[in-house]
Amino acid sequence: MKLLKVIVPFIILLTSGIHAARKPNIVFFFIDDLGWTDVGFMGSKYYETPHVDKLASEGTIFHSAYANAPNCAPSRACLMSGQYPPRHGVYTVGDPRRGNHNLRKIEPTENKTELGEEFVTIAEALGPNGYTCATMGKWHLGKDPTTQGFHVNIAGREWGSPSGGGYHSPYKYPNLVTPKKGEYLTDRLGEEACKFIDSNKEKPFFLYLTHYTVHTPIQAKDELTKKYKAKPTHGGHKNAKYAAMIESMDDSIGAVLAKLKELELDDNTMVIFFSDNGGHGGVTSNAPLRGSKGMLYEGGIREPLVIKWPGVTKAGTTCHEPVIGIDLYPTFLEVTGSPAPKDYTLDGRSLVPLLKDATANLGRDAIFWHFPCYLQGYTERHGAFRTTPGGAVRAGDWKLIEYFEDDTLELYNLSNDIGEKKDLAKAEPKKTRELHKLMTDWRRKVQAPAPT
């Protein structure tokens, strides 16, 4: 009997230790400004991404995946907080009054440039469950991500693009100082990620590798640029430096995936590949999608997304259910068995049902965008503005865009018009009213401020 009293607690302790060791790691590759077709598995014949393509072949590709905003800061604030922009107030990058002030017809909504401390980040939710959380690269939500749950920060500040010398050293970032010339930032961030994995292989971790690339400035390694200058272009993909930046991104991801395999962690690690907004229209083409970064058309918000969760996702599957950045927060909670923050609103839905069955649905009516700001045009075809203040909703195959300057409504059926070429607002007045009501009801629910 005495022996039993000793053995039973020991078995309980042992099995609980095994259970804790089995918590899945999460590696999240978040790329800046990467367009929907800027990778091989989404159709590019010019850019080369063999490591990401292999990842896609082993996991689930989300064909209708969206960023929460058409530019980076609000997209990242939504991702980290799990909430739509009206709740946290980060609507755009910097000044919402960008562009020629003489041509603005309304006053945009005031913008916050940092994610407030009152919002519970993904790291703050996972940390108490035993996860070591690291962010490497672009943060863009304040001066120091370690004040918001991350235990490790490499190169993250409030900056939205590489500072100092850009992608080439010498540069000076938090916990990443390289005084000598010759180092390439994308390579270094991959190396730092591998070091982090090596140091934390015995315990669960959340690695947020949030590359600055492929954001401007367009700077690449010379030898890779030469390679793409000698290669035939394809469609709108023709910028050799941009192509070289993408290959460096892919090499960095390949190094991290190789480290997971080397340490035999790959079977217990969920891997996510995603982008924060559409491709830069002056650098790449988002065709067949309309528009580019800074627009509520598909080219500004639809992104490449791959999720691989060994033992759950089936290799080579494609999911067509519309999903959005805020869905990742509740997904990570469910995958790691972490409790949701108490008395805290999460606007997204866990993607676990879709990871188990790519043909499932999440049972929600719609997903929404609220962008009450101006963005100046950067090509002749844009004119004065890439976008004026507006909002959008996608419900099923239907998408409605509203522009607040003159209450213009545009309606598209994405099932047969992914390029948003045919505005059906007048031809389908009932559907237009239905989606507009969905959007206005949602704006009231989240108390979204409207420009005046």
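Biologist: Is Cys-133 buried or exposed?
Modeller: Cys-133 counts as buried, because its relative accessibility is 0%. Please keep in mind that this is a predicted model.

Biologist: What about Cys-319, buried or exposed?
Modeller: Cys-319 counts as buried as well, since its relative accessibility is 0%.

Biologist: How many disulfides does the structure hold?
Modeller: The structure holds 0 disulfides. Cys-133 takes part in none, and the nearest cysteine sulfur, belonging to Cys-194, is 18 Å away.

Biologist: Which residues touch the most other members of the largest nonpolar core?
Modeller: They are Leu-34, Phe-41, Ile-197, Leu-207, Val-256 and Phe-273, in a core of 54 residues. Helix α8 supplies the largest share of this core, with 10 residues.

Biologist: What is Val-256 in contact with, neighbours within four places in sequence aside?
Modeller: With those neighbours set aside, Val-256 contacts Val-27, Phe-29, Gly-190, Ala-193, Cys-194, Ile-197, Leu-207 and Leu-209. A second, separate core has 43 residues, among them Tyr-131, Leu-333, Val-352 and Leu-355.

Biologist: Leu-333 is in α10, then; how many residues of that helix are buried?
Modeller: Helix α10, residues 328–336, is mostly covered, with 8 of its 9 residues buried. The buried ones are Leu-328, Tyr-329, Pro-330, Thr-331, Phe-332, Leu-333, Val-335 and Thr-336.

Biologist: What does Gly-337 do just after α10?
Modeller: Gly-337 adopts a positive phi of about 70° there.

Biologist: Back to α8. At what angle do the axes of α2 and α8 cross?
Modeller: The axes of α2 (residues 50–58) and α8 (residues 240–262) cross at roughly 55° and come within 7 Å. Helix α2 is therefore oblique to α8.

Biologist: Which residues make that contact?
Modeller: From α2 they are Pro-50, His-51, Val-52 and Leu-55, and from α8 they are Met-249, Asp-250, Asp-251, Ile-253, Gly-254 and Leu-257. The residues of this α2 contact with α8 comprise 6 nonpolar, 2 polar and 2 charged.

Biologist: New topic: where does Thr-37 lie?
Modeller: Thr-37 sits in the loop between β1 (25–31) and α2. Thr-37 counts as buried because its relative accessibility is 6%, and the cut-off for buried is under 20%.

Biologist: How far apart are Thr-37 and Pro-288 in space?
Modeller: Their C-alpha atoms are 8.7 Å apart, although the two residues are 251 residues apart in sequence. Apart from neighbours within four places in sequence, Thr-37 is in contact with Met-42, Ser-44, His-237, Ser-285, Asn-286, Ala-287 and Pro-288.

Definitions and conventions. Residues are numbered from 1 along each chain as its sequence is written. This is a predicted model: local features need pLDDT of at least 70, side-chain atom pairs count only at pLDDT 80 or more; totals for chains, interfaces and linings use all residues. Side-chain values use heavy atoms; hydrogens and water are left out. Axes are lines fitted to C-alpha atoms, for helices over the stretch in contact, and angles run from 0 to 180 degrees between N-to-C directions. Helices (H or I, at least four residues) and strands (E, at least two) are DSSP runs, numbered from the N terminus. Angles under 35 degrees count as roughly parallel, over 145 as roughly antiparallel, 65 to 115 as roughly perpendicular and the rest as oblique. Contact means heavy atoms within 4.5 Å. Ala, Val, Leu, Ile, Met, Phe, Trp, Tyr, Cys and Pro count as nonpolar, Asp, Glu, Lys and Arg as charged, and the others, Gly among them, as polar. A nonpolar core is a set of buried Ala, Val, Leu, Ile, Met, Phe, Trp, Tyr and Cys residues joined through side-chain atoms within 4.5 Å. Buried means under 20% relative accessible area, exposed over 50%, partly exposed in between (1.4 Å probe, protein chains only). A disulfide is a pair of cysteine sulfur atoms within 2.5 Å.
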